[in-house]
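User: Could you take me through the cavities inside this protein, slowly and in plain words? I'm in my first year, so I'd like to know what surrounds them.

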Amino acid sequence: MLAAYMVWGHECVLKFNGMFAFAVWDRDREELFFFFDHAGIKPLYYFWDGEQFIFSSEVKGILEGGVDRAIDMEAASMYFRLSYVPEPYTMFAQIKSLPAGSLATLSKGLFSIERYFSLLDAPEETLLARDAAKELDELLDRAVSRQLVPDRPVGVFLSGGLDSSAVLSAAAKVHPGIDTFTVRFSLPESNEEEKFNEDAELAREVAAQFGAHHHEITITPEEVPALLLKAAFHMDVPVSNPTIPSMLRLSEETAKTATVVLNGDGGDELFGGYTRYRFSKRVLLYQKLVPAIARALLAKVRPIFAKANLPPGIGLFAQFMFQKDATLASVLSPELVTNNAFDRYRDRYFSERGDFLRQFMSADREGWLVDEALMRTDRTTMAAALEARVPLLDRELLAFAARVPTKLKTSLRVTKILPRIAFRNRLSKNILIQKKRGWVSPGAKWLRHPDVLALATEAFSKGYHPETDALFNLPALKKALDDHVSGKQYNLYL
């Protein structure tokens with residue numbers, strides 16, 4: 001990387017294909033350059049007050065420099081709206097993060113950031129399904145092969161879903177008998193155990209198909225409180241997702257066998273894997289076929305039709321991705337119930353004349369994927385000294401996905417249309433026809449377990465966090481917890 005910098009200067013980053021966050025001090029120019037990978041896989045945080053500059057791959061590293069810990073209220077507002085903190089924010093007012101695909105320069109007292117990689121304006125191309133499928137199949141093998149060059153033991157996180165299974169199919173060509181790892185859940189009295197272990201059963205099937213050496217890690221509710229506390233320390237920036245304790249435990253056990261692991265992150269955002277994309281298409285078709293007068297009458301009869309009446313854009317996107325005003329107002333102080341997340345996403349991703357579904361996928365790829373999914377993966381794996389690599393976010397593959405038209409990604413009934421065609425000679429029919437579930441953890445059931453409940457009850461006690469008590473309606477939060485534990489109402493997500 002240094003040799004590349006010596007030849008091409010800061011344009012060296014245009015030559016790279018991988019995950020990285022690094023800095024170069026150019027002694028001759030007296031300039032400090034920062035580079036962040038094209039997909040936002042590795043985080044980089046900084047503090048700059050005009051005189052002192054501190055940077056680190058962890059927020060904790062900057063706090064050690066004596067930086068003020070004041071909460072960024074705008075970041076907090078967006079966190080409660082989104083369930084994650086979008087760049088450039090952290091929860092600390094004086095600490096920011098670099099956006100994906102960016103380079104920054106500190107020179108003569110001036111700090112500037114520019115994007116060198118973005119696919120927001122990448123045009124769709126007219127592609128035949130068979131040609132696009134052939135290209136995707138070849139790109140996957142090349143991407144995975146590039147990721148399998150370490151001199152250390154390599155494994156694969158395997159969920160049994162289409163993405164991680166496809167990654168394994170390519171990895172097994174290079175490393176026969178590669179180690180695979182998945183999570184299994186043990187619940188008291190087998191409380192819906194089968195439901196939460198569907199992924200583990202599929203992963204076992206896929207591992208056997210490719211001759212992998214498969215490892216299953218079983219998690220019990222008694223382990224969760226310690227995992228939650230450890231995860232809170234390592235996350236630095238909060239992400240509200242009950243899979244985090246599972247990912248941390250999976251990473252810790254995997255690190256005993258492998259030091260590098262491949263995963264399937266990014267496949268849903270690149271190739272239309274989420275069910276919300278299907279539902280969006282249905283809403284758009286409903287608005288096209290049903291006259292406005294009829295839709296208005298239906299909206300008065302059932303609330304769901306009122307939601308389906310929202311015009312394509314930030315309002316419709318928010319119905320799928322944002323916490324609602326009424327929910328937030330019931331448990332937060334008024335200063336935290338703002339529209340800043342709406343403004344941010346509307347201005348960045350949505351225009352009135354654009355293709356809503358394409359905009360939706362772009363918002364997920366550059367927002368949710370980077371600040372939620374990749375953040376979770378990086379923090380939980382690095383906490384266990386495990387390096388997680390993301391072959392589906394290979395630069396060539398990412399650029400290819402941006403060219404693929406949405407009609408080859410999602411239909412009214414099917415998600416990931418192109419991958420299902422491209423990988424039909426790799427994967428069993430059982431994997432190809434699986435409905436999208438997402439990797440789930442039994443967070444709602446954990447919250448009813450005495451050990452986890454004690455932790456939550458303590459956190460909702462007045463004075464537990466004296467500086468932030470005023471931000472919450474603690475009695476309302478406690479009631480929501482009690483209602484959830486009693487089974488009166490499902491409140492894992494408010």
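Analyst: Sure, let's dig in. One thing to keep in mind is that this is a predicted model. The count comes to 7 cavities of 30 Å³ or more. Let's look at two of them.

Start with the largest cavity, which holds about 140 Å³ of space. Who sits around it? Its lining is made of 18 residues, and the ones nearest its centre are P43, Y45, V370, D371 and M375. If you sort the lining by class, you get 13 nonpolar, 2 polar and 3 charged residues. Now look for helix α17, which covers residues 356-382. That helix gives the most to the lining of the largest cavity, with 5 residues.

Next up is the second largest cavity, with about 120 Å³ of space. Here 13 residues make up the lining, and H38, A39, R365, E366 and L398 are the closest to the centre. By class, this lining splits into 8 nonpolar, 2 polar and 3 charged residues. And guess who turns up again: α17 gives the most to the lining of the second largest cavity too, this time with 4 residues. So if you want a landmark for finding both cavities, trace α17 in the viewer.

While you have the model open, here are two other parts to look at.

One is a pair of helices. Helix α3 (residues 73-82) packs against helix α16 (residues 340-349) at an angle of about 80°, and their axes are 8 Å apart. Angles from 65 to 115 degrees count as roughly perpendicular, so that is the label for α3 and α16. Where they meet, α3 brings E74, S77, M78, R81 and L82, while α16 brings N340, A341, F342, R344 and Y345. Sorted by class, that contact has 5 nonpolar, 2 polar and 3 charged residues.

The other is an open sheet of 5 strands, in the order β10-β9-β8-β11-β12, with parallel pairing. At its edges are β10 (213-219) and β12 (387-389), each pairing on one side only. From one strand to the next, the twist averages 30°. Zoom in on the β12 edge and you'll find β11 (residues 260-262) pairing with β12 in the parallel sense over 3 bridges. There, V260 stands opposite E387 in β12.

Key: Residues numbered from 1 in each chain as written. Predicted model: local features only at pLDDT ≥ 70, side-chain atom pairs only at ≥ 80, totals over all residues. Heavy atoms only, no water. Pairing = 2+ DSSP bridges. Helix = DSSP H or I, 4+ residues; strand = E, 2+ residues; numbered from the N terminus. Axes fitted to C-alpha atoms, helices over the stretch in contact; angles between N-to-C directions. 1 Å grid on protein atoms, 1.4 Å probe; cavity = no way out; pocket = protein on both sides within 12 Å on 5 of 7 lines; lining within 4 Å. Points joined across faces, edges and corners; volume = space filled by probe spheres on them. Nonpolar A, V, L, I, M, F, W, Y, C, P; charged D, E, K, R; others polar. Parallel < 35°, antiparallel > 145°, perpendicular 65-115°, else oblique. Contact = heavy atoms within 4.5 Å.
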